[in-house]
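Me: Please take a close look at one single part of this structure, and then show me how other parts of the chain are arranged. I am in my first year, so please explain each term when it comes up.

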Amino acid sequence: MTQTRAALRPTVLTALLAALLSALLSVLLAPAPASAASLQEVTGFGSNPGALKMYRYVPDGLPAGRPVVVALHGCTQNAAGYASGTGWTTLADRWGFSVVLPQQQSGNNLSQCFNWFGSADITRGQGEAASVAQMVDRQLADVSGDPSRVYVTGLSAGGGMTAVMMAAYPEKFAAGGIVAGLPYGCAQAAGSPYVCMYVGATQTPAQWGDRVRAARPGYTGPWPALTVFQGTADYTVKPVNMTALVDQWTNVHGADRTADVADTVAGHPHRVYRGPGGNAVVETYSLTGMGHGQPVDPGTGDAQCGAAGAYFLDVNLCAAYRLGKAWQLG
């Protein structure tokens with residue numbers, strides 16, 4: 001018995017070595033995995049009258065016919081930081097859609113703010129609004145995206161520009177998400193962007209709605225649905241601006257200003273306003289105690305996304321996730 005075991009040892013060792021060698025070779029010779037998608041700059045996307053930069057994120061292997069989300073950063077931010085901080089690129093990989101990330105240039109605004117307040121940049125066919133519209137067209141063509149499922153969102157000045165895009169190019173967007181932003185035409189109504197931000201403008205709902213309707217003369221709909229996120233302790237863009245946004249967009253949609261749903265989400269007051277057809281046309285999240293920034297909820301849970309940092313505030317609610325669910329992206 002001892003002699004038999006000894007005789008077998010070389011054979012067993014040889015077999016083990018052969019197996020190890022085979023496993024090592026299979027690892028070394030296996031094709032390298034496809035590299036993960038990354039943010040890419042796109043040039044030559046149009047006449048670009050607003051002199052913006054275009055970046056995009058397209059998940060590897062994204063099929064045709066998928067949605068497009070346009071995400072506009074806030075002041076002092078850039079496309080890359082907003083892409084990762086908000087969680088939009090993570091959700092794009094998870095749910096399968098592409099993201100367009102316009103980027104402001106210091107030559108347009110020293111603080112890297114989109115010019116949501118200037119007539120030359122908020123008018124259809126002109127300036128920064130036209131540049132963002134051209135980015136949408138380029139993206140839809142390049143990825144064969146679904147033109148009926150294009151969405152726009154942004155923080156602060158990016159939120160103000162989101163309202164601009166919804167008003168000036170309503171036919172391009174199914175819905176918008178404004179985070180700590182301003183109603184369309186607020187700077188003109190208040191006489192100053194700073195008065196709009198810090199005090200608000202005195203307008204009736206009909207006057208607010210008329211400003212949107214005047215941005216796209218002759219257009220009768222459909223209008224984009226709106227979701228708003230606003231911190232109750234935001235001293236940069238006062239919460240009165242969320243009230244004005246509700247007034248503006250319920251008027252545009254022909255809805256009343258009485259919420260059809262009033263509940264809480266992650267402990268924060270949440271309201272839904274339905275239009276004449278019964279569909280949600282305006283939705284609001286009032287982030288209790290939150291200052292000026294993008295709501296995020298870092299973590300690995302299904303409803304979690306984003307990363308905490310400057311102007312990315314952990315309030316146990318991720319705005320990008322909530323928007324994605326409202327827009328049926330995933």
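Reply: What follows starts with one strand, moves to its partners and its sheet, and then turns to other places in the chain.

This is a predicted model, in which local features need pLDDT of at least 70 and side-chain atom pairs count only at pLDDT 80 or more, while totals for chains, interfaces and linings use all residues. Residues are numbered from 1 along each chain as its sequence is written, and side-chain values use heavy atoms, with hydrogens and water left out.

The part to look at is strand β4, which covers residues 98–103; helices (H or I, at least four residues) and strands (E, at least two) are DSSP runs, numbered from the N terminus. Of the 6 residues in β4, 6 are buried, and the strand is described as mostly covered. Here buried means under 20% relative accessible area, exposed means over 50%, and partly exposed lies in between, with a 1.4 Å probe and protein chains only. The cover is found on both faces of β4, with Ser98, Val100 and Pro102 buried on one side and Val99, Leu101 and Gln103 buried on the other.

The next step is to ask which strands pair with this one. In general, strands of a sheet pair through backbone hydrogen bonds, and they do so either parallel or antiparallel; two strands pair if DSSP finds at least two bridges between them. Strand β2 (residues 53–57) is joined to β4 by 5 bridges, and these two strands run antiparallel, with Lys53 standing opposite Gln103 of β4. Strand β3 (residues 68–72) is joined to β4 by 3 bridges, and here the strands run parallel; the bridge partner of Val70 in β4 is Val100.

These strands belong to an open sheet of 10 strands, whose order is β1-β2-β4-β3-β5-β6-β7-β10-β9-β8 and whose pairing is mixed. The edge strands of this sheet are β1 (40–42) and β8 (261–265), each of which pairs on one side only, and the twist averages 20 degrees from one strand to the next. Axes are lines fitted to C-alpha atoms, for helices over the stretch in contact, and angles run from 0 to 180 degrees between N-to-C directions. At the β8 edge, 5 bridges join β8 to strand β9 (residues 268–274), the two running antiparallel, and Val265 stands opposite His268 of β9.

Helix α2 (residues 79–86) lies across β2, β3, β4 and β5 (150–155), and runs at about 140 degrees to β4.

Moving on to a pair of helices, the axes of α5 (residues 127–143) and α6 (residues 157–168) come within 10 Å and cross at roughly 75 degrees. That makes α5 roughly perpendicular to α6, because angles of 65 to 115 degrees count as roughly perpendicular, while those under 35 count as roughly parallel, those over 145 as roughly antiparallel and the rest as oblique. The contact (heavy atoms within 4.5 Å) is made by Glu128, Ala129, Val132 and Ala133 of α5 and by Met161, Val164 and Met165 of α6. These residues divide into 6 nonpolar, no polar and 1 charged, where Ala, Val, Leu, Ile, Met, Phe, Trp, Tyr, Cys and Pro count as nonpolar, Asp, Glu, Lys and Arg as charged, and the others, Gly among them, as polar.

Back in the sheet, Ser286 is found in strand β10 (residues 280–287), and at 18% relative accessibility Ser286 counts as buried. Not counting residues up to four places away in sequence, Ser286 touches Gln230, Thr232, Met242, His268 and Pro269.

Some loops are also worth following. Asp146 is in the loop between α5 and β5 and, leaving out residues up to four places away in sequence, touches Gly65, Arg66 and Leu140. The loop between α9 (205–215) and β7 (225–231) holds Pro222, and the peptide bond from Gly221 to Pro222 is cis, with omega near 5 degrees. Tyr311, in the loop between β11 (294–296) and β12 (312–314), has a positive phi of about 65 degrees although it is not a glycine, and at 39% relative accessibility Tyr311 counts as partly exposed.

For the chain as a whole, there are 11 helices and 12 strands, and buried residues make up 50% of the 330 residues.
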